[in-house]
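Q: Please take a close look at the charged side chains of this model, and at the salt bridges in particular. I would like one connected explanation that a first-year student can follow.

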Amino acid sequence: MVTYIVRRLVTAVLILFGASFVVYQLTALSGDPLEDLRGSNAPNRDQLIQARTELLDLNTPAPLRYFGWLAGAAKCLVPFAATCDLGSSIQGEAVTTALSRAMGNTITLVTTATILAIIIGVSLGIITALRQYSGLDYGVTFMSFLFFSLPIFWLAVLLKEFGAIGFNNFLADPDIPPLTILVVALASGLIWALFASKSWKRKGVAFVLGAVIAAALLFLLDLVDWFSDPGLGPIVILITGVGIALGVVLLTAGLRNRKAVYASLAMVGVGLVAYYVVNPILTAATIWMIIAFGLVMVLVGLLVGYLMGGYDRGQSMRAAALTGVLMGLVIVVDRFMVTWPAYVSNPRVRGRPIATVGAQTPGLDDSFWINGLDTFTHLLLPTLALLLASLASYSRYSRASMLEIMNMDYIRTARAKGLSERTVVMRHAFRNALIPLATLVAFDIGALIGGAIITEQVFAFAGMGQLFVQALRRVDPDPIMGFFLVAGILALVFNLVADIVYSFLDPRVRVKA
Amino acid sequence: MRFTRTSRAVGVAAVAALALSACAADTGTDSSDGGDDGEATGGNVRVVEVNAFSSFNSNTSEGNVDINGKIAYATHAGFVYVNNDLEVVQNEDFGTMEVLSEDPLSVKYTVNEDVKWSDGEPVDGGDLLLTWAIGSGYFDDAKTDDAGEPVSGTTYFDYAGDTSGLALTELPEIGEDGRSITLNYSEPYADYMVAFGDMTGEAGISTPAHVVAEKGGLADEDALIELIQTAPAGDPENPEERPEVQDLADFWNAGFDTKSLPEDESLYLSNGPFIASSITPDQSMTLVRNEDYTWGPEPKVDEITVRYIGEAPAQIQALQNGEVDIIAPQASADTVEQLEALDGITVEQGNQLSYDHLDLNFDGVFKDADVREAFMKTVPRQQLVDTIIKKINPDAEPLDSQLFLTDQAAYEEAASSNGSDAYAEVDIEGAKELLDGATPEVRLMYNRDNPNRLNSYTLIAESAAKAGFKVVDGGLGASDWGAALGNGTYDATIFGWINSGVGVAGVPQIFKSGSGSNFNGFSSPEADELMNELIVTTDEAEQDALQVQIDKLIWDSKYGIPLFQVPGVDAYSDNISGVEYMPNQMGIWWNFWDWSVVQ
């Protein structure tokens, strides 16, 4: 195994050398850095040309210039010496500084979208596999391919038009006309019906139920002016909590495990108490306080599960801990909602919360909650755009893999020996279906840092993609090389990680080495 | 019935409200009514820029980017600025510029007494002297070979502006009051008014000498003055090592470059209406009012937020969503169409200072003036404007002068007398007559990656073919066309020039025999003579008269033909007033002090 990894690493270094040389040459050939000056009629044109020639060392041929860059980059390999020199941009900023900033921005932009895409995509894939060839399957397939094939810049423009400009207009005067309620109710009914199982009768019931619930909810929210003054309040938190508890137990232990049900419900109670106890403290919240709160909820959950005892303590502990964390999440979300009116009326936000560009409202320096909401309103649209575009691959891969597993002999065996469907799906099929996805996820995390060039451009987000595009426009090789180094190294590393992880997950493919 | 329904609704609402919020936890949010961060009275204006800020010194060749120049404009003051009629306006509140004698030209600059940097230091003679030393290239002794490779010596301050004007002056003395400096020119210099920069790009008196002195390794500002006044001028024939000047220059060249707000306030001192208060790299920047500032037009708003958005559609949607107040996107037909469809937005259209022109080489097929004239007669200028420009700027017309832009006062006079009216209409018959049956082959070079140039080429080639010209498409890619200028591989070319709008130093750069940007080999002894006179003429009326004459000589020689000025567009929300279109590179920033928030 070790020799295998070493071999792969050596190849990776060689590939990186070759590719960096090619990229450097391509960049140098991609344009004329003096273009704007050559056609200039400035009285000091020659002097300006000379200054830039010297700055970019243009009199040295590009293949030689590459080695100059390489000599600086090689210093990055010296550990702890802080001699790293990746050159500087045409405007004199060190590439290392620009890279770290751009990477940070890109990570904030893409992480949520990727995590959500994985969770939602995989769930959709599993569900559609379990309901193969149903209306739900066709519906999800159609939608995911639709979004997959929409150009992302167009999707982004649509999102801005309706999700930001339209929604902000709505928020200025949140009054839902009856027609909208009707349309939403019908849509909701259809979605419910799609999720309901095969018989037409059940579908009909689901349709009516879905439509009525959506209509009633909208009507109520409109009535209490919830959109301008949102919040959950203890009763909704309680109801949501019970729902969460039952859902969690259903997936992790099965509702027949009474101890797990009681442990989770106890955690809902704990959460409700926490809602009253923690909220006053949260006024001065920091991100660490929130994380600590989450950890405490997990620990309490584990304790409650442990005290509940019984035949399989582990299951109760897991269920209770998960419920605890989710309750904590609900409390935090409630707190954000309660802060919403203060955010919207902030003079810098000027009553138009959902943003179309950038990562934050300039000059807005307020509490954790206000700034958190600000990040949310700025990341909402780009995250949605990225999410919609990448749902397809995850859902299709996981559906295919799940279908393959469900037709395996061992699944039939598991059913034959009388295991419940939940156990068969969650334990025997689901886990194994995830193995092929490990490769996909590893690649995507590698590509994450590379940035979403078009999305960043459309949403004016200063991440890796913009760094790359702007450097390319100026025919400025150093930032491009920095970008390439990061993206290239990550691609190679995660390629390797994917292979290694695969061999750990699936004993059948362990490499002989 | 109606009553019961209402009361039932109220009941439902009450229950719902109870369910949603009753006995909610103490979140501490009810007491604060939001918006308590002390928004001052003048309000805040949010402007969009395409490029991201990168340096507090816009005078170096690295820092010389449009956005840096605009920030420098808002945070510094100088003796003059340019208004949107492209006139130089003196700012007497900052200081006075007094012509002591016309010939030899001697100008005394005095900064008013209470003018100071934002750290309290006065703006004084030391600052003027340092600005002079940088802008004149006084210490430079670099020598370059034909390929542009430096052979010996050093260029100390990497100054992006033109040093030729101040280089005509001898080492100035600081006046008795310590706030003035007198420049004695060896010969009259036409652009003396903007010798210390015209606030477009080179932002007035923008370099605090006391900061440069301390950061550059000298004891204080007096040591700097001492150094400048005692060190001999640079001589390319006898280059010498100047470690002290080198240290100063190294700091000046790179020390102000930053994408984030420096910890050290002395790196972003202001002596203008605004001062930088916060920067989010590559995203936004905030300027707040410089409370001390009284020496010039006083701004109405308290804060300007600059946001960087590259794409025009994203700018438009941000404006529509109320996230920003003023945008000046890249002008295109789509942009204008989208902007005009919006409510609550004012759109301003106009010309920019860059203009496209067709130049004919004075050798090859075009050696014969008749052939040049014939080609000029075929150029469908009105059609070019109609198809390319009118969609963006409905008021656009073909440009009828080689030296003046339509926005300049002397344009009408030049255009009516230079003979350009002969080319107002396409005259195929006239061209055929001049060609007398010949069918010359013309290779036309242009940047084919620029859609406007490609369109121009297509229309010009089509029209010229009717008169018998065989036009060969010599279009080159964006990375190649610039290098091909003046290398003799083509007969005619279409490209753009930028008229600074102010000053006359740019004229000989293009039209003088053998000059750096004279690519088509135009040479007229008579015009050269007039241009020599032009650059030593300090009177504006005389400058205009000379330029009108030069313009006519150029047209008479069948130089080629100017096509159109590139259109520009800006748009602002109805929440803002005072924004005015400006053709030069400062754009809407030129009168930022007039911006105000409509209450």
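A: A salt bridge here is a side-chain nitrogen of Lys or Arg that lies within 4 Å of a carboxyl oxygen of Asp or Glu. By this rule, the model, which is a predicted one, has 24 salt bridges over all chains.

Chain B makes a good starting point, and its charges come with a plain count: there are 30 positive and 106 negative side chains, and the centres of the two sets lie 11 Å apart. The chain itself has 599 residues, of which 57% count as buried, and its secondary structure consists of 17 helices and 20 strands.

One salt bridge of chain B joins the side chains of Arg453(B) and Asp356(B), with a distance of 2.9 Å from N to O. This pair links distant parts of the chain, since Arg453(B) belongs to helix H13 (residues 451-466) and Asp356(B) to strand E14 (residues 345-360), with their positions 97 residues apart. Both Arg453(B) and Asp356(B) are buried.

Another salt bridge, between Asp556(B) and Lys552(B), has its closest N and O atoms 3.5 Å apart. Here both residues lie in helix H17 of chain B, 4 residues apart, which is about one turn of the helix. Asp556(B) counts as partly exposed because its relative accessibility is 40%, and Lys552(B) counts as partly exposed because its value is 35%.

In chain A, the side chains of Glu93(A) and Arg101(A) meet in a salt bridge of 2.9 Å, taken from N to O, and both Glu93(A) and Arg101(A) are buried. These two residues also belong to a network of salt bridges that includes Lys259(B) and Asp282(B).

Charged residues also gather on the surface of chain B, where a negative patch is formed by Asp85(B), Glu87(B), Glu102(B), Asp103(B), Glu529(B), Glu533(B), Asp539(B), Glu540(B), Glu542(B) and Glu580(B). The elements that give two or more residues to this negative patch are helix H16 (525-534) and helix H17 (540-556) of chain B. Glu529(B), one of the residues in the patch, is placed in helix H16, and Glu529(B) counts as exposed because its relative accessibility is 55%.

Notes:
Residues numbered from 1 in each chain as written. Chains lettered and ligands numbered in written order. Predicted model: local features only at pLDDT ≥ 70, side-chain atom pairs only at ≥ 80, totals over all residues. Heavy atoms only, no water. Patch = residues over 30% accessible without salt bridge, like charges linked within 9 Å, V, L, I, M, F, W, Y side chains within 5 Å. Areas by Shrake-Rupley, 256 points an atom, 1.4 Å probe, with all protein chains shown as cover. Lys, Arg positive; Asp, Glu negative; His and termini not counted. Charge placed at Lys NZ, Arg CZ, Asp CG, Glu CD. Buried < 20%, exposed > 50% of the residue type's maximum accessible area, 1.4 Å probe, protein only.
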